[in-house]
There are 2 protein chains.
Amino acid sequence: MKKFEEKTIKTEKIYDGKVVHLQVDEVTLPNGKTAKRELIKHPGAVAVIPITKDNKIVFVKQYRKPLEKSILEIPAGKLEVGEEPIVTAKRELEEETGYSTSELSFVTSFYTSPGFADELMYIYITDQLEPLKGTVTGDDDEFIEVVELTLDEAKQYVEEERIHDAKTNYAVLYLHALGRV
Amino acid sequence: MKKFEEKTIKTEKIYDGKVVHLQVDEVTLPNGKTAKRELIKHPGAVAVIPITKDNKIVFVKQYRKPLEKSILEIPAGKLEVGEEPIVTAKRELEEETGYSTSELSFVTSFYTSPGFADELMYIYITDQLEPLKGTVTGDDDEFIEVVELTLDEAKQYVEEERIHDAKTNYAVLYLHALGRV
(Lines give C-alpha, C1' and ligand atoms only; values in the text may rest on other atoms or scores of the structure.)
Protein backbone atom coordinates (compact mmCIF):
# COMPACT_ATOMS: atom_id res chain seq x y z
CA MET A 1 0.00 0.00 0.00
CA LYS A 2 1.26 3.45 -0.91
CA LYS A 3 2.23 5.56 2.07
CA PHE A 4 -0.64 7.56 3.55
CA GLU A 5 -2.90 6.22 0.79
CA GLU A 6 -6.57 7.15 1.13
CA LYS A 7 -8.83 4.29 0.10
CA THR A 8 -12.09 5.24 -1.58
CA ILE A 9 -15.19 3.83 0.11
CA LYS A 10 -17.83 5.70 -1.87
CA THR A 11 -17.90 8.11 -4.82
CA GLU A 12 -20.76 10.55 -5.33
CA LYS A 13 -20.93 12.35 -8.68
CA ILE A 14 -22.13 15.92 -8.12
CA TYR A 15 -21.80 17.64 -11.49
CA ASP A 16 -20.77 16.71 -15.00
CA GLY A 17 -19.99 19.90 -16.91
CA LYS A 18 -18.23 21.03 -20.05
CA VAL A 19 -14.93 21.75 -18.24
CA VAL A 20 -15.47 20.72 -14.64
CA HIS A 21 -16.56 17.38 -13.23
CA LEU A 22 -17.13 17.40 -9.49
CA GLN A 23 -17.29 14.34 -7.29
CA VAL A 24 -17.13 13.80 -3.54
CA ASP A 25 -15.26 10.71 -2.37
CA GLU A 26 -15.51 9.20 1.08
CA VAL A 27 -12.09 7.80 2.01
CA THR A 28 -10.45 5.76 4.75
CA LEU A 29 -7.49 7.61 6.26
CA PRO A 30 -4.24 5.95 7.42
CA ASN A 31 -5.54 6.18 11.04
CA GLY A 32 -8.71 4.27 10.14
CA LYS A 33 -11.01 7.29 10.30
CA THR A 34 -13.01 8.46 7.33
CA ALA A 35 -13.04 11.82 5.56
CA LYS A 36 -14.66 13.45 2.54
CA ARG A 37 -12.62 14.63 -0.43
CA GLU A 38 -14.05 17.06 -2.96
CA LEU A 39 -12.46 16.36 -6.33
CA ILE A 40 -12.52 18.27 -9.59
CA LYS A 41 -11.86 16.02 -12.56
CA HIS A 42 -10.34 17.96 -15.45
CA PRO A 43 -9.08 16.69 -18.84
CA GLY A 44 -5.71 18.45 -18.43
CA ALA A 45 -4.31 21.37 -20.38
CA VAL A 46 -1.38 22.60 -22.45
CA ALA A 47 0.34 25.95 -22.78
CA VAL A 48 2.98 27.29 -25.17
CA ILE A 49 5.70 29.90 -24.60
CA PRO A 50 5.92 31.44 -28.09
CA ILE A 51 9.00 33.57 -28.90
CA THR A 52 8.98 35.67 -32.06
CA LYS A 53 11.97 36.17 -34.36
CA ASP A 54 12.53 39.60 -32.76
CA ASN A 55 12.59 38.02 -29.27
CA LYS A 56 9.17 38.99 -28.06
CA ILE A 57 6.88 36.72 -26.08
CA VAL A 58 3.39 36.24 -27.46
CA PHE A 59 0.57 36.51 -24.91
CA VAL A 60 -3.19 36.44 -25.21
CA LYS A 61 -5.44 38.77 -23.29
CA GLN A 62 -8.65 37.11 -22.28
CA TYR A 63 -11.52 37.82 -19.92
CA ARG A 64 -11.56 35.22 -17.16
CA LYS A 65 -15.01 34.88 -15.66
CA PRO A 66 -13.82 33.26 -12.39
CA LEU A 67 -11.62 36.33 -11.76
CA GLU A 68 -14.10 38.84 -13.27
CA LYS A 69 -11.22 40.49 -15.11
CA SER A 70 -8.87 40.14 -18.07
CA ILE A 71 -5.29 38.94 -17.67
CA LEU A 72 -2.45 38.25 -20.09
CA GLU A 73 -1.58 34.57 -20.41
CA ILE A 74 0.55 32.44 -22.65
CA PRO A 75 -1.69 30.63 -25.17
CA ALA A 76 -3.27 27.54 -23.66
CA GLY A 77 -6.16 25.17 -23.92
CA LYS A 78 -7.80 22.02 -22.67
CA LEU A 79 -6.75 18.60 -23.85
CA GLU A 80 -9.20 16.74 -26.03
CA VAL A 81 -9.82 13.12 -25.05
CA GLY A 82 -7.10 10.88 -26.44
CA GLU A 83 -5.12 13.75 -27.95
CA GLU A 84 -1.36 14.05 -27.49
CA PRO A 85 -0.53 17.23 -25.51
CA ILE A 86 1.86 18.43 -28.23
CA VAL A 87 -0.91 18.24 -30.84
CA THR A 88 -3.24 20.30 -28.62
CA ALA A 89 -0.41 22.77 -28.05
CA LYS A 90 0.12 23.37 -31.79
CA ARG A 91 -3.61 23.81 -32.39
CA GLU A 92 -4.12 26.23 -29.48
CA LEU A 93 -1.10 28.27 -30.57
CA GLU A 94 -2.57 28.60 -34.08
CA GLU A 95 -6.14 29.30 -32.94
CA GLU A 96 -5.20 31.85 -30.31
CA THR A 97 -2.20 33.70 -31.76
CA GLY A 98 -2.26 33.27 -35.53
CA TYR A 99 1.23 31.74 -35.46
CA SER A 100 2.01 28.18 -36.40
CA THR A 101 5.09 26.17 -35.56
CA SER A 102 6.61 22.86 -36.49
CA GLU A 103 8.93 22.81 -33.47
CA LEU A 104 7.81 22.60 -29.86
CA SER A 105 10.13 21.67 -26.98
CA PHE A 106 8.78 20.32 -23.72
CA VAL A 107 9.56 22.55 -20.73
CA THR A 108 7.76 20.98 -17.78
CA SER A 109 4.41 19.77 -16.52
CA PHE A 110 2.66 20.34 -13.21
CA TYR A 111 -0.62 19.84 -11.41
CA THR A 112 -2.20 23.28 -10.98
CA SER A 113 -4.16 22.61 -7.75
CA PRO A 114 -3.37 19.15 -6.40
CA GLY A 115 -5.45 19.69 -3.25
CA PHE A 116 -8.77 19.60 -5.08
CA ALA A 117 -8.19 19.08 -8.83
CA ASP A 118 -6.39 16.64 -11.12
CA GLU A 119 -5.69 19.23 -13.84
CA LEU A 120 -2.23 18.53 -15.27
CA MET A 121 -0.66 21.38 -17.28
CA TYR A 122 1.97 20.66 -19.96
CA ILE A 123 4.19 23.57 -21.01
CA TYR A 124 6.06 23.81 -24.33
CA ILE A 125 8.30 26.47 -25.84
CA THR A 126 9.10 27.48 -29.40
CA ASP A 127 11.06 30.23 -31.15
CA GLN A 128 10.10 28.93 -34.59
CA LEU A 129 6.94 30.87 -35.38
CA GLU A 130 5.40 31.39 -38.81
CA PRO A 131 2.46 33.78 -39.27
CA LEU A 132 -0.63 31.91 -40.46
CA LYS A 133 -2.45 33.16 -43.52
CA GLY A 134 -6.00 34.30 -42.87
CA THR A 135 -7.63 35.42 -39.65
CA VAL A 136 -7.48 33.86 -36.24
CA THR A 137 -10.67 31.98 -35.51
CA GLY A 138 -10.47 30.65 -31.97
CA ASP A 139 -13.39 29.00 -30.21
CA ASP A 140 -16.91 30.35 -30.65
CA ASP A 141 -17.07 31.73 -27.13
CA GLU A 142 -13.46 32.93 -26.78
CA PHE A 143 -12.62 36.61 -27.30
CA ILE A 144 -8.91 37.17 -27.24
CA GLU A 145 -6.37 39.83 -28.12
CA VAL A 146 -2.76 39.01 -29.02
CA VAL A 147 -0.11 41.06 -27.17
CA GLU A 148 3.65 40.75 -27.81
CA LEU A 149 6.03 41.88 -25.06
CA THR A 150 9.75 41.88 -24.39
CA LEU A 151 10.87 39.91 -21.33
CA ASP A 152 11.44 43.14 -19.40
CA GLU A 153 7.92 44.29 -20.22
CA ALA A 154 6.56 40.90 -19.19
CA LYS A 155 8.38 41.11 -15.81
CA GLN A 156 6.79 44.52 -15.28
CA TYR A 157 3.37 43.04 -16.10
CA VAL A 158 3.99 40.36 -13.45
CA GLU A 159 4.79 43.12 -10.92
CA GLU A 160 1.56 44.88 -11.87
CA GLU A 161 -0.42 41.61 -11.73
CA ARG A 162 -1.57 42.05 -15.32
CA ILE A 163 0.19 38.70 -15.75
CA HIS A 164 -1.11 36.72 -12.80
CA ASP A 165 -1.54 33.02 -13.34
CA ALA A 166 0.60 29.97 -12.54
CA LYS A 167 1.62 28.88 -16.07
CA THR A 168 2.40 32.44 -17.24
CA ASN A 169 4.29 33.50 -14.09
CA TYR A 170 6.24 30.25 -14.49
CA ALA A 171 6.94 31.06 -18.16
CA VAL A 172 8.29 34.55 -17.38
CA LEU A 173 10.50 33.19 -14.59
CA TYR A 174 11.66 30.39 -16.91
CA LEU A 175 12.76 32.85 -19.61
CA HIS A 176 14.44 35.01 -16.97
CA ALA A 177 16.34 31.98 -15.64
CA LEU A 178 17.25 30.94 -19.18
CA GLY A 179 18.64 34.44 -19.81
CA ARG A 180 17.88 34.16 -23.50
CA VAL A 181 15.24 36.70 -24.51
CA MET B 1 -17.13 48.33 -19.74
CA LYS B 2 -14.04 46.21 -19.35
CA LYS B 3 -12.82 44.77 -22.63
CA PHE B 4 -14.43 41.45 -23.53
CA GLU B 5 -16.31 41.53 -20.23
CA GLU B 6 -18.84 38.76 -19.73
CA LYS B 7 -21.97 39.98 -18.00
CA THR B 8 -23.68 37.54 -15.67
CA ILE B 9 -27.34 36.92 -16.46
CA LYS B 10 -27.96 34.06 -14.03
CA THR B 11 -26.03 32.21 -11.34
CA GLU B 12 -26.86 28.65 -10.34
CA LYS B 13 -25.21 27.30 -7.19
CA ILE B 14 -24.39 23.64 -7.71
CA TYR B 15 -22.37 22.61 -4.65
CA ASP B 16 -21.22 24.21 -1.43
CA GLY B 17 -18.42 22.09 0.02
CA LYS B 18 -15.62 22.33 2.55
CA VAL B 19 -13.02 23.39 -0.05
CA VAL B 20 -14.87 23.68 -3.33
CA HIS B 21 -17.90 25.79 -4.19
CA LEU B 22 -19.23 25.19 -7.68
CA GLN B 23 -21.57 27.50 -9.55
CA VAL B 24 -22.62 27.79 -13.17
CA ASP B 25 -23.08 31.30 -14.53
CA GLU B 26 -24.92 32.17 -17.70
CA VAL B 27 -23.16 35.14 -19.30
CA THR B 28 -23.60 37.53 -22.21
CA LEU B 29 -20.58 37.47 -24.51
CA PRO B 30 -19.15 40.52 -26.31
CA ASN B 31 -20.93 39.39 -29.50
CA GLY B 32 -24.30 39.33 -27.73
CA LYS B 33 -24.54 35.55 -27.57
CA THR B 34 -24.82 33.70 -24.29
CA ALA B 35 -22.59 31.01 -22.81
CA LYS B 36 -22.27 28.97 -19.63
CA ARG B 37 -19.27 29.32 -17.34
CA GLU B 38 -18.50 26.68 -14.71
CA LEU B 39 -16.78 28.38 -11.78
CA ILE B 40 -15.02 26.97 -8.75
CA LYS B 41 -15.00 29.43 -5.87
CA HIS B 42 -12.02 28.85 -3.58
CA PRO B 43 -10.90 30.84 -0.52
CA GLY B 44 -7.31 31.17 -1.83
CA ALA B 45 -4.14 29.63 -0.50
CA VAL B 46 -0.63 30.34 0.71
CA ALA B 47 2.66 28.50 0.39
CA VAL B 48 6.07 28.98 1.95
CA ILE B 49 9.55 28.23 0.56
CA PRO B 50 11.41 27.31 3.78
CA ILE B 51 15.22 27.27 3.66
CA THR B 52 17.11 25.72 6.58
CA LYS B 53 20.34 27.09 8.05
CA ASP B 54 22.28 24.41 6.12
CA ASN B 55 20.63 25.52 2.84
CA LYS B 56 18.11 22.75 2.43
CA ILE B 57 14.56 23.27 1.22
CA VAL B 58 11.81 21.87 3.44
CA PHE B 59 9.09 19.93 1.61
CA VAL B 60 6.10 17.97 2.82
CA LYS B 61 5.09 14.66 1.32
CA GLN B 62 1.35 14.23 1.24
CA TYR B 63 -1.15 11.92 -0.42
CA ARG B 64 -3.25 13.88 -2.89
CA LYS B 65 -6.55 12.16 -3.49
CA PRO B 66 -7.27 13.94 -6.82
CA LEU B 67 -3.98 12.52 -8.18
CA GLU B 68 -4.24 9.17 -6.32
CA LYS B 69 -0.60 9.50 -5.32
CA SER B 70 1.82 11.28 -3.00
CA ILE B 71 3.94 14.18 -4.18
CA LEU B 72 6.44 16.49 -2.46
CA GLU B 73 5.22 20.07 -2.10
CA ILE B 74 6.32 23.17 -0.27
CA PRO B 75 4.15 23.65 2.84
CA ALA B 76 0.83 25.27 1.99
CA GLY B 77 -2.72 25.69 3.11
CA LYS B 78 -6.06 27.34 2.51
CA LEU B 79 -6.78 30.88 3.65
CA GLU B 80 -9.25 31.24 6.48
CA VAL B 81 -11.94 33.87 5.94
CA GLY B 82 -10.64 37.33 6.79
CA GLU B 83 -7.12 36.10 7.58
CA GLU B 84 -4.04 37.87 6.22
CA PRO B 85 -2.13 35.52 3.88
CA ILE B 86 1.11 36.01 5.84
CA VAL B 87 -0.61 34.83 9.05
CA THR B 88 -1.89 31.70 7.31
CA ALA B 89 1.60 31.14 5.89
CA LYS B 90 3.24 31.19 9.34
CA ARG B 91 0.63 28.83 10.77
CA GLU B 92 0.83 26.34 7.92
CA LEU B 93 4.63 26.34 8.11
CA GLU B 94 4.46 25.51 11.83
CA GLU B 95 1.69 22.92 11.52
CA GLU B 96 3.20 21.10 8.58
CA THR B 97 6.97 21.26 9.11
CA GLY B 98 7.59 21.87 12.82
CA TYR B 99 9.55 25.03 12.01
CA SER B 100 8.49 28.51 13.02
CA THR B 101 9.67 31.82 11.61
CA SER B 102 9.31 35.50 12.38
CA GLU B 103 10.43 36.56 8.89
CA LEU B 104 8.56 35.87 5.69
CA SER B 105 9.22 37.70 2.43
CA PHE B 106 6.61 37.87 -0.32
CA VAL B 107 7.73 36.20 -3.57
CA THR B 108 4.72 36.31 -5.89
CA SER B 109 1.08 35.43 -6.22
CA PHE B 110 -0.83 33.75 -9.04
CA TYR B 111 -4.17 32.26 -9.97
CA THR B 112 -3.68 28.51 -10.24
CA SER B 113 -6.39 27.76 -12.85
CA PRO B 114 -7.95 30.99 -14.12
CA GLY B 115 -10.08 29.18 -16.69
CA PHE B 116 -12.36 27.58 -14.12
CA ALA B 117 -11.29 28.59 -10.58
CA ASP B 118 -10.61 31.79 -8.63
CA GLU B 119 -7.99 30.19 -6.35
CA LEU B 120 -5.23 32.77 -5.75
CA MET B 121 -1.95 31.38 -4.38
CA TYR B 122 0.42 33.61 -2.36
CA ILE B 123 4.03 32.45 -2.09
CA TYR B 124 6.47 33.50 0.65
CA ILE B 125 10.08 32.60 1.39
CA THR B 126 12.13 32.44 4.59
CA ASP B 127 15.61 31.33 5.59
CA GLN B 128 14.97 32.14 9.26
CA LEU B 129 13.67 28.86 10.64
CA GLU B 130 13.53 27.83 14.29
CA PRO B 131 12.58 24.26 15.27
CA LEU B 132 9.37 24.23 17.30
CA LYS B 133 9.35 22.39 20.59
CA GLY B 134 6.94 19.47 20.75
CA THR B 135 5.47 17.42 17.93
CA VAL B 136 3.93 18.57 14.69
CA THR B 137 0.16 18.31 14.91
CA GLY B 138 -1.25 19.33 11.51
CA ASP B 139 -4.91 19.00 10.66
CA ASP B 140 -6.91 15.98 11.82
CA ASP B 141 -7.16 14.52 8.36
CA GLU B 142 -3.67 15.42 7.07
CA PHE B 143 -0.89 12.85 7.08
CA ILE B 144 2.39 14.38 6.09
CA GLU B 145 6.08 13.61 6.13
CA VAL B 146 8.76 16.32 6.20
CA VAL B 147 11.55 15.93 3.63
CA GLU B 148 14.56 18.26 3.37
CA LEU B 149 16.43 18.42 0.07
CA THR B 150 19.27 20.38 -1.48
CA LEU B 151 18.36 22.42 -4.56
CA ASP B 152 20.12 19.89 -6.81
CA GLU B 153 18.10 17.07 -5.25
CA ALA B 154 14.92 19.11 -5.67
CA LYS B 155 15.69 19.66 -9.39
CA GLN B 156 16.15 15.90 -9.76
CA TYR B 157 12.76 15.37 -8.05
CA VAL B 158 11.17 17.75 -10.57
CA GLU B 159 12.71 15.69 -13.41
CA GLU B 160 11.30 12.52 -11.84
CA GLU B 161 7.88 14.18 -11.28
CA ARG B 162 8.05 13.45 -7.55
CA ILE B 163 7.76 17.24 -7.32
CA HIS B 164 4.94 17.97 -9.74
CA ASP B 165 2.71 20.90 -8.82
CA ALA B 166 2.59 24.54 -9.89
CA LYS B 167 3.67 26.26 -6.65
CA THR B 168 6.50 23.79 -5.95
CA ASN B 169 7.83 23.69 -9.54
CA TYR B 170 7.75 27.50 -9.38
CA ALA B 171 9.63 27.48 -6.06
CA VAL B 172 12.42 25.22 -7.37
CA LEU B 173 12.79 27.36 -10.51
CA TYR B 174 12.77 30.51 -8.36
CA LEU B 175 15.62 29.23 -6.17
CA HIS B 176 17.52 28.13 -9.28
CA ALA B 177 17.11 31.62 -10.81
CA LEU B 178 18.13 33.23 -7.52
CA GLY B 179 21.28 31.09 -7.50
CA ARG B 180 21.40 31.17 -3.74
CA VAL B 181 20.88 27.71 -2.30
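Here is a short briefing on how the parts of this structure meet, within chain A and between chains A and B. The model is a predicted one. Chain B and chain A bury about 5700 Å² between them, while domain 1 and domain 2 of chain A bury about 420 Å². Let's start with how the two chains are related, then look at their interface, and finish with the domains of chain A.

**How the two copies are related**

- Laying chain B on chain A takes a turn of 180 degrees and a shift of 0.0 Å along the axis, and the RMSD is then 0.0 Å.
- The two copies are therefore related as by a two-fold rotation axis.
- Both copies use the same surface, with 100% of the contact residues of chain B recurring in chain A.

**The interface of chain B and chain A**

- On each side the count is 67: that many residues of chain B are in contact with 67 residues of chain A.
- Of the area of about 5700 Å² buried between chain B and chain A, 64% is on carbon and sulfur atoms.
- The rule finds zero salt bridges across this interface of chain B and chain A, but it does find 24 residue pairs in polar contact, both residues being at pLDDT 80 or more.
- Strands and a helix of chain B give two or more residues each to the side that touches chain A; among them are β1 (7-16), β2 (21-28), β3 (34-41) and α3 (166-178).
- Also on that list for chain B are β5 (57-64), β6 (69-73), β9 (105-111) and β12 (144-149).
- Which element gives the most to the side of chain B that touches chain A? That is α3(B), with eight residues.
- By residue class, the side of chain B that touches chain A has 31 nonpolar, 13 polar and 23 charged residues.

**The two domains of chain A**

- The domain assignment splits chain A into domain 1 (7-41) and domain 2 (45-178).
- Six residues from domain 1 of chain A and five residues from domain 2 of chain A make up the contact.
- The C-alpha centres of domain 1 and domain 2 of chain A are 31 Å apart.
- Carbon and sulfur atoms give 46% of the area of about 420 Å² buried between domain 1 and domain 2 of chain A.
- Between domain 1 and domain 2 of chain A, the rule finds two residue pairs in polar contact, both at pLDDT 80 or more, and zero salt bridges.
- On the side of domain 1 of chain A that touches domain 2 of chain A, three residues are nonpolar, three are charged and none are polar.

How values were computed. Residues numbered from 1 in each chain as written. Chains lettered and ligands numbered in written order. Predicted model: local features only at pLDDT ≥ 70, side-chain atom pairs only at ≥ 80, totals over all residues. Heavy atoms only, no water. Domains from an automatic or database assignment. Contact = heavy atoms within 4.5 Å. Buried area = accessible area lost by both parts, 1.4 Å probe. Salt bridge = Lys/Arg side-chain N within 4 Å of Asp/Glu carboxyl O. Polar contact = N/O pair within 3.5 Å; in protein donor to acceptor, adjacent residues only side chain to side chain. Nonpolar A, V, L, I, M, F, W, Y, C, P; charged D, E, K, R; others polar. Least-squares fit on C-alpha atoms with pLDDT ≥ 70 in both. Helix = DSSP H or I, 4+ residues; strand = E, 2+ residues; numbered from the N terminus.
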